[in-house]
Amino acid sequence: MSARKQGDGQPEDGGATAGKRLKIAKFSEDPEKKGLSRRLKDAEISLPIVYGTIAFYLGRKASESQSHKWTVYVRGATNEDLSAVIKRVVFQLHPSFNNPTRVMEAPPFELSECGWGEFEIAISLFFHPDVCDKQLDLYHHLKLYPEDESGPQSTKKPVVVESYDEIVFPDPSEAFYARVQNNPAVIVPRMPAGFNISAPVAPENTSERERGDTKDHPLSQWFMNFSEADELLKLAAARQQPFMEMIYEN
């Protein structure tokens, strides 16, 4: 699995960070798990995500130890529900916080806190068993103060810092493909005509997916628009030639 990071820019209230492609080992070759699901060799499934923070200055309500209220989150690049791929997210906060290891078992994958200092937040993504048996570790720097610190900080305009990634799963399992082939949050490869998944697919719970998206999130007006980057990724995926021959691994 790898995380492909896109997006570049520096809006005045924070910014979108750019990065590089990260390559992580493929699915475990544990003999006990190897036969559970066939794999689509040379195929890729990808999941565009955004992770970041939104911080509000508390103004007159601010104290020496609590000057800002902030939220850290992982969301879909187009605010779709990620729970078909991501099982849970663990946020590791500064050790000065009570219970600094926060585990989110269901979407939206986020937490809110109050504080005064900036620090690095470790974000660990854990996936469903048929997706990947390895976690993906991301790191995000909590930013509370705008780049232009001249004059008083606004209580109405937050400091927003987000990163855009495309998580790529090479050689996905057949079960994984079957579950997400029609999921709007996921980019799947084009398959040759006549290609069918032999395993039965459980129907998707639409009501749960709708509850897990962030399209009507209270902070959505501050989310950055990565639609252009997302469209470029989809265009690149569409240009890929369909697999003329699928090779399975037991």
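## The second largest cavity and strand S6

In this predicted model, the second largest cavity is lined by Val 74, Arg 75, Gly 76, Glu 80, Asp 81, Leu 82, Pro 107, Pro 108, Phe 109, Gly 212 and Thr 214.

**Exercise 1.** Determine how many cavities of 30 Å³ or more the structure holds, and state the volume of the second largest.

*Solution.* Step 1: a search of the whole structure returns 4 cavities of 30 Å³ or more. Step 2: the second largest of them has a volume of about 50 Å³.

**Exercise 2.** Classify the lining residues of the second largest cavity by chemical character.

*Solution.* Step 1: count Pro as nonpolar and Gly as polar. Step 2: the lining then divides into 5 nonpolar, 3 polar and 3 charged residues.

**Exercise 3.** Identify the element that gives the largest share of this lining, and decide whether that element is mostly covered or uncovered.

*Solution.* Step 1: strand S6 (residues 68-76) supplies the largest share, 3 residues. Step 2: take residues under 20% relative accessible area as buried. Step 3: 8 of the 9 residues of S6 are buried, and the strand is thus mostly covered.

**Exercise 4.** Describe how S6 pairs with strands S5 and S9, giving a residue pair for each.

*Solution.* Step 1: S5 (residues 44-57) runs antiparallel to S6, and 9 bridges join the two. Step 2: in this pairing Val 74 of S6 stands opposite Tyr 51; Val 74 is also one of the cavity-lining residues. Step 3: S9 (residues 109-115) and S6 pair in the antiparallel sense over 7 bridges. Step 4: here Trp 70 has Glu 113 of S9 as its bridge partner.

Conventions: Residues are numbered from 1 along each chain as its sequence is written. This is a predicted model: local features need pLDDT of at least 70, side-chain atom pairs count only at pLDDT 80 or more; totals for chains, interfaces and linings use all residues. Side-chain values use heavy atoms; hydrogens and water are left out. On a 1 Å grid over the protein atoms alone, a cavity is a set of points where a 1.4 Å probe fits but cannot get out, and a pocket is an open set with protein on both sides within 12 Å along at least five of seven lines; lining residues have an atom within 4 Å of a point. Grid points are joined across faces, edges and corners, and a volume is the space filled by probe spheres set on the points. Helices (H or I, at least four residues) and strands (E, at least two) are DSSP runs, numbered from the N terminus. Buried means under 20% relative accessible area, exposed over 50%, partly exposed in between (1.4 Å probe, protein chains only). Two strands pair if DSSP finds at least two bridges between them.
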